[in-house]
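These are my notebook entries from a reading of one structure that was new to me. I wrote down each thing I looked up, in the order in which I looked.

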Amino acid sequence: MKLTAWKRTLTMLLALSLALLMVFGTLSLTSCKTTDPDPDPDPDPDPDPDPDPDPDPDPDPDPDPDPNPDPEPDPDPDPDPDPDPEPSFVGLTMIEDKASDYYIVYPASAGNTVMSFAKALQQKIFNVTDVVLSVFADNESLGPYEILIGETGRPESKAAMEALPEHGYSITCQGTKLVIVATDDSLLALALYRFRDDILTKEESCGKGYLRYSADTVLSLSRETALSVPEMMASDYTVTASTEFVLHGEQYTQKIRITQGAASDGKYAYFSVRRAGADSVGGVIYKYDLETHEKVAVSEEINFGHGNDLTFDTKNNRLIVAHGLAESHFLTIVDPETLTVIERVEIGPSGSSISYNPYTNTYAMGEGYKVDYMDENFNLIKTFSRRDYDQSSYVNQGMGSDEHYLYFPVSHSTKTKNLIIVFDWNGKQIKEVSLPEQYESQSIFTVGDDYYITFYHSGKDAGTYLHKLTFTLMYTG
């Protein structure tokens, strides 16, 4: 009986202990939750039982989203819906809205060549813009708006000239003026062609009613040398020639006084002077110093026919006289030291003009419409035809040459003008050069880079007139 009561008491104590343990365990768990250092102060009273597995990370979503969004957005949206306006043009606006305050100015002291350049530029600008810019010499006071051509008296031209290299040109803005300068007329022509090609033919700078030149545009050229005559002849541009008097060779007698051929060995000039009148056979050869212009010697009378032309063979150190006319198959070879005849040679080719090419050791011999090439022994190599001008109005004369070209001076029958017809050594006509001289041209020779031509004057001033040739590249628009 006592044992049964004890068992009951023990069972009740165990049940009570289990109940207390459950109560304190619940309190302990509640105490751990309330000790969270960053608790949610306002927990969602109705939490989502199934939260979104991929919540929107944008902390500031569009409060008013497009109810009909474009499923395929524009792949190339405009990044700048309000772009800045284009910057204003910086430079010279010489013509705008078919109006202009500008003048074209050339140096009054420069002569007709640069004046013709200015007028050609005026015409070219008009052709492109329909606006006429007036042309004036620099002795006129015109105001701040000018296109300056060449070495004018304006300070802007002077400053630009001082900045040039030894040989070259430049086209620049100087304040309100466009300044085009060069070291010589031929390079000035090249500068104007550059202005034409790079400015006047470009829509961004020139067109109907407008002409602009950007302030940061500088068109220029620098060379070690001036343009050579062969470079001018090889160009696509017009070339003219002018002359400068060098010396007057005397007439031998009243009978022997007609100037014909001319040649040079580099130091001396040689002239053939024939007999006048019906008996126009034979004559003499004169020798002049090219530096002092003094007569050095004159030969005895030589039977060289018409003595139509001379050339100097630098390899064999000999003068060659082309007889011409009735004796066109004959040459006379002369010693340049003594001016005596070495031999008289009959050749197969015929001609009245002759020139030696030291670069190929060959000769060219012209007559009428044909030119023969010969080796150093005067054997024919080839022939080409030259029908290059109205030969009914011009008289064939002598000829000259350089490494690249043959130069044929021809005189108009009225003796009012001359031409120089230029061919290459393959027989292709290259240029027709105007030579504004009233006297009858005779022959051409070269000394280094210098070109010379002879003229015949009749009357009391008869004799040989030697002039130095200057070739100029022309700007024609």
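**Entry 1: helix α4.** I began with helix α4, residues 185-200, and listed its buried residues, which are Ser186, Leu187, Leu188, Ala189, Ala191, Leu192, Tyr193, Phe195, Arg196, Ile199 and Leu200. Before reading that list further I reminded myself that an α-helix has 3.6 residues a turn, so residues three or four places apart point the same way. I then looked at the start of α4, where a side-chain oxygen of Asp184 comes to within 3.0 Å of the backbone nitrogen of Ser186.

**Entry 2: how far to trust the model.** I noted that this is a predicted model, and I therefore checked the confidence values, keeping in mind that where pLDDT is low, the predicted coordinates should not be read in detail. The mean pLDDT of the chain is 85, and 80% of the residues reach 70 or more. Over residues 23-63, however, pLDDT stays under 50, and for this stretch the model has 1 contact beyond four places in sequence.

**Entry 3: the chain as a whole.** I counted 5 helices and 30 strands in the chain. The chain has 477 residues, of which 44% count as buried. I also looked up how the contacts are spread along the sequence: among those with a separation of 6 or more, 52% are between residues 24 or more positions apart.

**Entry 4: the sheet of six strands.** I traced an open sheet of 6 strands in the order β3-β2-β4-β6-β5-β9, and found its pairing to be mixed. At the edges stand β3 (135-137) and β9 (219-223), each with a single partner strand, so one side of each is left without a neighbour in the sheet. From one strand to the next, the twist averages 20°. I followed the pairing at one edge, where strand β5 (residues 167-174) and β9 run antiparallel and are joined by 5 bridges, with Leu219 in β9 as the bridge partner of Ile171. I then asked which helices lie on this sheet, and found that α2 packs on the sheet by touching β2 (103-106), β3 and β4 (146-149), its direction making about 165° with that of β2. Helix α3 (residues 155-162) also packs on the sheet, where it touches β4, β5 and β6 (177-182), and its direction makes about 45° with that of β6.

**Entry 5: the hairpin of β11 and β12.** I turned to strand β11 (residues 256-264), where 8 of the 9 residues are buried, so the strand is largely enclosed by the rest of the structure. Strand β12 (residues 268-275) runs antiparallel to β11 and is joined to it by 6 bridges; as one such match I noted Ala262, whose bridge partner in β12 is Phe271. There are 3 residues between the strands of this hairpin, and Gly266 takes a positive phi near 105° there.

**Entry 6: the hairpin of β17 and β18.** I next looked up strand β17 (residues 327-334) and strand β18 (residues 341-346), which run antiparallel and are joined by 5 bridges. Val345 in β18 is the bridge partner of Leu331. This hairpin has 6 residues between the strands, and in it Leu339 takes a positive phi near 55°.

**Entry 7: the sheet of four strands.** I found another open sheet, made of 4 strands in the order β19-β20-β21-β22, with antiparallel pairing. Its edge strands are β19 (353-357) and β22 (380-385), each of which pairs on one side only. Between β19 and strand β20 (residues 362-367) I noted 5 bridges in the antiparallel sense, and Ile354 stands opposite Met365 in β20.

**Entry 8: aromatic rings.** How many aromatic pairs does a search of the whole structure find? The search gives 21. One of them is Phe117 with Tyr475, which is edge-to-face, at 6.5 Å centre to centre and with 85° between the planes. This pair links distant parts of the chain, with Phe117 in helix α2 (residues 112-129) and Tyr475 in the segment after β30 (463-473), 358 residues apart, and both residues are buried. I then returned to Phe195, whose ring centre lies 6.3 Å from that of Tyr213, with the planes at 35°, so the pair is tilted. Phe195 belongs to helix α4 and Tyr213 to strand β8 (residues 210-214), 18 residues apart, and both are buried. Last, I noted that Tyr373, Phe384, Phe408, Phe423 and Trp425 form one aromatic cluster.

Note on methods
Residues numbered from 1 in each chain as written. Heavy atoms only, no water. pLDDT = per-residue confidence, 0-100. Contact = heavy atoms within 4.5 Å. Pairing = 2+ DSSP bridges. Helix = DSSP H or I, 4+ residues; strand = E, 2+ residues; numbered from the N terminus. Buried < 20%, exposed > 50% of the residue type's maximum accessible area, 1.4 Å probe, protein only. Polar contact = N/O pair within 3.5 Å; in protein donor to acceptor, adjacent residues only side chain to side chain. Phe/Tyr/Trp six-rings, centres within 6.5 Å; stacked < 30°, edge-to-face > 60°. Axes fitted to C-alpha atoms, helices over the stretch in contact; angles between N-to-C directions.
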